[in-house]
Amino acid sequence: MRSHAKRLPSRPVILLLQVGVLVGFFLLWHVLTVTTNLLSPFFFGTPLAVLERTFKDFASGAIWYHLGITLLETALAFGIGTVAGIAFGFWFARAPLVSVVFDPYIKAVNALPRVVLAPIFALWLGLGIWSKVALGVTLVFFIVFFNVYQGVKEVSPVVLANARMLGANSRDLFRHVYLPSALSWVFSSLHTAVGFAMVGAVVGEYLGSSAGLGYRIHQAEGVFDTVGVFSGMLVLTIFVVAIDTVVTLVEKRLLHWRPQEAQTTH
Amino acid sequence: MAEAAAMAPALCLEGVTCTFPSPDGRGRTYTAVQNASFTVAAGEFVSIVGPTGSGKSTLLNVAAGLLRPSAGRALSFGQPVTGINPQAGYMFQAEALMPWKSALENVAAGLEFRGVPKREALDRAGPWLARVGLEGFGDRFPHQLSGGMRKRVALAQTLIVDPKIVLMDEPFSALDIQTRQMMENELLDLWAADRKSVVFITHDLEEAIAMSDRVLVLSAGPGSRLIGEYRITLDRPRDVAEIRMTPQFLALHKEIWGQLRDEVLKGYAQTKLR
C-alpha cells in the first residue's frame, strides 16, 4: 500500500523531539535574557530563576495549600456544573415546551462573557471559594447542558424502538438507553468542561481572593515579581497537564465501547 | 376463553390503512397501506414481498404496536394490539443493538427489562450467544463485530425473551450473499426447533420462497394493497441455497414473479417521478 507514505517515527523518537522543543525554548529564553541581555530579566525573568522559584515553592510546601484550594474549586465547579447540566439537559430534551420557551434565554445567557459575573459572585458569595465555584459552574453547566440535550435528542429511534419491543419501560429506557447515550456526549466534552472549571477557578481567584494559584499570580504581578508570575504560570501548566492526563484515563475507561480508528498491530 | 385464545391466529390484521402527513407539508397526506387484511397462524412462517416504498415496514410496525393504524386494527392471539405488542419480538432492518452494551449484555437486555436479575440474565444470555454461533464473543461491543455477527446478536436478543411471534424487517438485507444464506439456514433451524410464528418482510422473492410457508405480495405504493397470496409447499427441512435449484422452486418463482414484476416496475416509475 502506498497510502501511508508519511510514516511517523517511533514513539521514543517523538518523545525525544518533544523534550527537545522544551529544552530549546528554555535555552532561547536563557540566551536572550542572561547571555546576550537582549531582553531585560526584570521584565522577562530568567528560566533558571523561574525553575528555582518553582522548585523552592514545592519543596517548602508553600504552593501546596494554594494548589489544593484551586483543585477544590475546580472539582466543585465541575461536579456541580455537570450534575446540574445533566439534570437540566434531560429535562429540556424530554419536555419540548420547556425547551422551546427557554431556548432564546439559554442562548442569551450562554452568549454572555462569564468573566463579567465574577465581581457579582464575589459580592454575593464573598471572597472565599464559593464565588470561584459559582463562576466555574456557569461555564461548565452550559457545555454539559448542550451535550446532554444533544445526546438525548440524538438517540437512534431504532435503538429506542428495539428496547421498547424488548420490554423496556420508561425507567429502563432512561437507564439503558438515554443515560448512556447522553453520558457518551458528556464524556466526549470532558476535557473542555474540566478546562473551563479551572478557568473559572483561576479567573475568580485572580479577580479577588486570598488563596489559590490565581491569587499567587496576581500577588506577584502586584509587586512586579515577573519571576513569580512565570513560576505561577508554570505551576498552573503542570496542574492542567496533570488533570488532563487523569481525564484522558477516565475517558478511556468509560468510553471503551466507542469505535476507535482502525489500527493494526505494529 | 383460554381455548379461544389458543385457537386464535398469532396475528390478524383487519382492514389496516395507514395515512401519514406528507413530508412536503401543506396539509397533504400520503397513504402507505390501504385496507390490508391477512392472518398468520400459530407456528406459520409468512413472508411479505413488495417493491420498495410499498409499506412493508408499516404493516410490521402496526403488528408490533409501534404504529397505530389510521383505520382497521391488529389482533395478536385474539387480543387487540394497543401499545407495544407483548407477544411480539421485532428484528429491525437497521442497526438496533445498544452500542454501549457488550454482545452478552445486549442479548441479556430483554430479560433484564422483564425483571430478571442482571446476573441471571447474563447467565442465560451465554447459551443464546452460543446458539447463534458467537461463543467467546460476549465481551465484544457491537462496533467490534462484523455486520453478520451483529445480526446474530440481534437474533439472539430477539429470541431470548421467547416471543410467540417474530417480526422481521429485511433482517439480512445488509449482508453479503454467502453470510445471508448462512443466516437464513440458521434462522430456519432455530425456527424448526420451536415453531414460532414468523412474519418476514423482504424485497427478495427468492429469500421469501425459500424460507416461508406462505408468501404475500404487496402492490406498489402509495396505497399498497395485498394483491397475491401463494402457499409454498416445498418440503422441510430446507437448505436455502440448494432449494433454489429445484423445479418446484423455479415454478413458484416464475408464478409469483409474474405478478410482482409489474408492481416493481410501477414502484420504479414512481421513484423516478419523485
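Begin with chain B of this predicted model and select β6, β7, β8, β3, β9 and β10: these six strands, in that order, make an open sheet with mixed pairing. At its edges stand β6(B) and β10(B) (226-231), each with a single partner strand, so one side of each has no neighbour in the sheet. From one strand to the next, the twist averages 15°.

Within this sheet, select β3(B) (residues 45-49) and β9(B) (residues 214-218), which pair in the parallel sense over four bridges. Ile48(B) is a useful residue to label here, with Leu216(B) of β9(B) opposite.

Next, add helix α5(B), residues 147-159. This helix lies across β6(B) and β7(B) (165-169), and runs at about 170° to β6(B).

Now move to β1(B) (residues 11-21) and β4(B) (residues 71-76). These two strands run antiparallel and are joined by four bridges; Glu14(B) has Arg73(B) in β4(B) as its bridge partner.

Stay on β4(B) and add β5(B), residues 79-80. Two bridges join this antiparallel pair, and Ser76(B) stands opposite Gln79(B) of β5(B). β4(B) and β5(B) form a hairpin with two residues between them. In the turn, select Phe77(B), which has a positive phi of about 50°.

Finally, show chain A as well. Chain B gives 21 residues to the contact and chain A gives 16. On the chain B side, the elements that supply two or more residues are β6(B) (88-91) and α3(B) (103-113). Coloured by residue class, the side of chain B that touches chain A divides into 15 nonpolar, four polar and two charged residues.

Note on methods:
Residues numbered from 1 in each chain as written. Chains lettered and ligands numbered in written order. Predicted model: local features only at pLDDT ≥ 70, side-chain atom pairs only at ≥ 80, totals over all residues. Contact = placed C-beta atoms within 7 Å. Nonpolar A, V, L, I, M, F, W, Y, C, P; charged D, E, K, R; others polar. Pairing = 2+ DSSP bridges. Axes fitted to C-alpha atoms, helices over the stretch in contact; angles between N-to-C directions.
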